[in-house]
Amino acid sequence: MLCLTWLLWLIAQWLATPALALATAAFPAIASLWAVFVAQRRPRVTAPLRQRQADPDLLARDVEEALACQGHILYRLDLQRRAYDYISPNIEHLIGAPESALLRDGGWAHVKSRIPPSDAEQIRQRIRAALAESPDGPCDVELEYRLRDIHGQTRWLRDSVRLVRDANGRVCHTTGAAIEITETKTAEQRAQVTLRAIDDAVMATDDAGRITLFNPGAVALTGWQEDEALGKPVDALIRFAPTLDQRPAALPVDTVLKTGVAVRCAEAMTLINRAGQRIPVLDSTAPIQMSGDPAPVGAVIVLRDERASSESLRRLNESEARYRTLVESSPVGIFHFDREHRITFVNSRFSDILERRADQLVGLDLRSLADAAVLPAVRSALEGHQGRYEGPYHDARSNRDIRFSIRTAPVFDAQARIVGGVGIVEDYTAKYDAERKLRESETRYALAMRGTNEGLWDWNPLTMELFLSSRLMALLGEAAESLRTTSDAWLARMHPDDRDVYYLRMVAHLKGETQHFELEFRMATHDGSYRWFRSRGIAQRDETGNAYRMVGSMGDITARKRAEMQLTNELAFSRTLVDSLPVGLCVARRDGALTLLNPYFGRLTGYTIDDLGALTVSDLIVAEDRPLIEQRLERAYDEGTAWAETQIASRDGRRLPVSFLARRVTLHDIDQLLCIATDISERKNAEQQMRNLNRELESRVADRTAQLAAAVKELETFSYSVSHDLRSPLRAIDGYARIIRDDYREAFTQEAHVLFERMLAAVSRMSDLIDDLLELSRVSRRPLNRKRINLSDMAETILGALAQSQPYRQITTRIDPDMRVFADAKLLQIAIENLLGNAWKFTAKHADARIHLYSTRAGDETVFCVEDNGAGFDMRYADKLFGPFQRLHTDRDFEGTGIGLATVSRIIQRHGGRVWAEGEVDKGARFYFTLGDIDN
């Protein structure tokens with residue numbers, strides 16, 4: 001299936017060549033010819049390649065099916081043997097030679113002998129050129145050649161070949177997939193003959209606009225010969241005279257290649273041929289597109305000589321233009337329809353009424369409309385009568401309800417036969433909606449008068465009569481449904497401080513000085529208290545501009561006024577707080593300009609509020625820190641907050657260290673920055689003092705370190721001296737005891753010999769104890785040399801040595817693989833030897849002894865564990881395990897000095913890790929340790 005898919009892709013690439021893709025030409029004869037040709041060549045792909053590659057068995061079956069497929073020939077040719085490694089079996093039906101003959105050495109000759117010499121030479125030239133272009137690695141080449149079949153007939157093949165090189169760069173074998181293209185070649189030749197027989201000028205281009213086909217009609221019309229035109233840009237040969245308005249004219253090839261949409265010229269253009277003649281032509285340019293691929297691979301251009309019909313066409317165009325202008329400028333919709341109820345023409349007004357483009361309406365079957373209310377009028381016209389409809393219409397496509405009137409009339413041909421009809425549509429939806437909205441508005445006004453949250457009033461300036469709605473009376477605390485009173489009584493209830501302003505505003509509006517009346521004032525309620533109200537109204541005027549009526553509403557805004565007063569008080573408090581803060585505070589816009597500066601900041605810098613207009617945040621900062629602060633201000637705008645330590649430059653040149661904090665805030669609906677500068681002079685002085693103390697402390701530490709190094713050196717000398725002084729008498733005791741035991745064996749009793757053995761064992765233990773103490777001392781002093789270590793391999797080596805020392809032991813060991821650590825190899829070797837040695841020692845009395853070394857993750861660190869099922873220990877004494885000379889078992893049970901675990905603890909601590917143990921008597925023990933997780 002892999003080969004088949006590749007082969008189908010090659011076929012699709014071949015079919016995309018401009019020379020074969022002319023189906024989208026504008027004129028019917030060319031389009032029909034090309035449609036039949038492409039329909040015969042369309043490839044089909046049955047399954048995606050990557051879905052088949054997941055199953056090797058399925059892929060193998062697909063390969064077998066591909067080799068057996070009759071539609072193509074797959075092969076692999078060994079150039080050294082000049083024979084095929086494999087080839088599709090259907091080759092026998094083509095050339096008569098069996099597959100076995102082709103697979104034998106020299107079998108290639110059966111195929112080579114059937115290729116014409118001229119085609120063979122072209123194949124060699126194509127291969128040489130491809131190898132020259134790709135000097136390294138495999139090389140792909142596409143070949144087309146003829147082959148004489150078993151019946152002597154010529155077949156055309158398209159062969160997709162890959163040339164494979166050996167290690168020396170020579171071509172060693174080829175793989176290929178060949179398909180027969182005889183029918184395609186025949187169809188191509190027929191298409192070429194047909195295009196050359198057409199009288200119109202036909203040209204084809206590639207996707208770069210270069211000419212690939214130039215038929216005799218094009219030669220006769222333009223004066224250019226075919227061999228001169230091929231490969232040239234079409235705009236270089238085909239020139240047009242400017243239009244009547246002096247705009248340049250050209251073929252729309254670039255537009256068609258970019259959009260993939262055919263363009264047909266509605267009016268004739270003037271072609272200037274090679275001899276300078278001016279010829280009126282009609283142009284039709286269409287894209288060349290392959291099935292399933294919208295990207296054009298070229299364009300087809302058809303030019304028709306219009307010299308014979310240009311005059312009649314001009315007169316027809318003038319008549320049509322007059323009619324179209326009349327129809328398009330009509331304020332009513334006009335449409336034509338034929339006897340099959342299909343719309344054949346619409347004007348722009350009809351498109352506007354139905355909110356559809358003309359191309360969407362032309363061709364529409366009126367009987368397919370969801371609302372059939374207009375069909376009786378249409379049928380009347382087709383029956384030879386005038387029709388009429390007026391009423392609602394539901395447009396299912398836009399889900400709109402519109403109202404229009406439609407009048408229809410029949411259209412007759414020259415023989416007085418009805419060939420269709422014409423309809424005139426007038427849309428009165430807007431008028432209907434306006435009347436409906438007016439009725440709804442009147443209804444809403446009536447409902448508002450009865451139930452709105454604001455009270456309504458209606459005042460006659462001529463008679464001073466005033467109407468107050470029931471809601472307004474309720475707002476004033478009155479029980480009446482409504483009230484008719486006078487404006488003087490109304491003013492009497494108003495707060496005395498608001499009457500003059502109310503009077504002036506009302507008079508100004510009545511004179512026409514303001515568009516509407518609006519005022520906030522206080523009114524006395526039924527209990528005598530005053531509440532805040534906002535009143536709005538507008539005057540109705542006669543034709544002379546005099547107000548004869550005024551209508552408005554009034555609502556209670558007491559709660560809002562109280563909130564505003566509270567907000568004012570809070571703002572005053574906030575301002576007092578800002579002015580009293582013991583830190584510098586300022587507010588800046590995005591460009592850094594200051595809009596607020598509190599007094600403390602002014603005292604720090606020497607600037608005042610009068611300087612705000614000329615200051616930016618950067619002006620308050622020392623010059624060397626300004627880029628940093630500007631970057632922090634940008635971060636504050638983006639992230640909400642930013643911080644830095646800097647220095648403020650005062651007006652008199654002083655510098656003051658501050659902690660500078662910028663935070664984005666919204667003030668007056670604008671994002672600004674609130675900047676706070678805190679004086680950190682005392683902290684800076686304290687830090688300087690701290691640095692001085694640190695330097696003094698570092699000096700003291702250096703002195704103490706030197707003293708400690710000297711003490712360690714003395715301790716080393718002492719340790720080696722003590723070791724030497726202790727070992728000398730021990731060696732003497734051991735030697736004399738052995739001489740007495742061996743030389744005077746017969747003089748001593750059996751009990752004396754036992755005492756000799758005990759004495760020698762005590763000397764040996766004392767020697768081991770000295771060695772362990774020296775080892776512990778060296779572990780503490782030895783410098784760490786960390787490197788990558790395979791802990792698993794180290795443990796395997798140690799356990800192997802233990803097994804060789806006691807080959808009679810039957811013990812099961814298990815070590816997790818590939819445990820890698822970053823540690824000192826020698827020190828870690830000592831620690832692991834002690835841990836595994838203890839596990840080996842304390843499992844000696846168990847027949848099914850087991851030892852397991854493994855690792856696990858605990859949070860952010862790696863924990864290693866040596867686990868055994870031996871003697872174990874009592875957890876009450878776990879804190880004594882890692883101290884020197886601390887033993888939980890006697891020498892009679894298990895030998896040892898009590899130094900091993902202390903050494904392990906010292907090594908683990910030097911690696912920055914920790915060690916601990918868990919156990920249970922006679923059930924084993926688990927010793928855990930970490931190594932600081934440095935690059936573990």
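In this predicted model, five strands line up as an open sheet in the order β2-β1-β5-β4-β3, with antiparallel pairing. The two edge positions go to β2 (83-87) and β3 (139-148); each has a single partner strand, so one side of each is left without a neighbour in the sheet. The sheet isn't flat-on-flat either: on average, neighbouring strands are turned by 25° against each other, direction ignored.

Now for the pairings, starting at the β2 end. Strand β1 (residues 72-78) is joined to β2 by 4 bridges, and the two run antiparallel. One spot to look for is Y75, whose bridge partner in β2 is I87.

At the β3 end, β3 and β4 pair over 10 bridges, again in the antiparallel sense. Here R148 can be found opposite T154 in β4. These two strands make a hairpin with 5 residues between them, and in that hairpin G152 takes a positive phi near 85°. Next along, β4 is joined to β5 by 9 bridges, with the strands running antiparallel, and V164 sits opposite H173 in β5. This pair makes a hairpin too, with 5 residues between the strands; this time G169 is the residue with a positive phi near 85°.

Helices come into the picture as well. Helix α8 (residues 117-133) lies across β3, β4 (154-165) and β5 (171-180), and runs at about 180° to β3. Helix α9 (residues 182-197) packs on the sheet too, where it touches β3, β4 and β5, and its direction makes about 120° with that of β4.

Further along the chain, strand β17 (residues 418-427) is a good one to follow. With β16 (residues 400-412), β17 shares 9 bridges, the two running antiparallel. With β13 (residues 333-338), β17 shares 6 bridges, also in an antiparallel arrangement. A handy landmark in β17 is I424: R407 stands opposite I424, and I424 is also the bridge partner of I334. The strands β16 and β17 form a hairpin with 5 residues between them, and A416 in the turn has a positive phi of about 65°.

How far does the predictor's confidence reach? The mean pLDDT of the chain is 80, and 83% of its residues reach 70 or more. The start of the chain is another story: over residues 1-50, pLDDT stays under 50. For that stretch the model has 91 contacts beyond four places in sequence.

Terms used: Residues are numbered from 1 along each chain as its sequence is written. This is a predicted model: local features need pLDDT of at least 70, side-chain atom pairs count only at pLDDT 80 or more; totals for chains, interfaces and linings use all residues. Side-chain values use heavy atoms; hydrogens and water are left out. Two strands pair if DSSP finds at least two bridges between them. pLDDT is the predictor's confidence in each residue, from 0 to 100. Contact means heavy atoms within 4.5 Å. Axes are lines fitted to C-alpha atoms, for helices over the stretch in contact, and angles run from 0 to 180 degrees between N-to-C directions.
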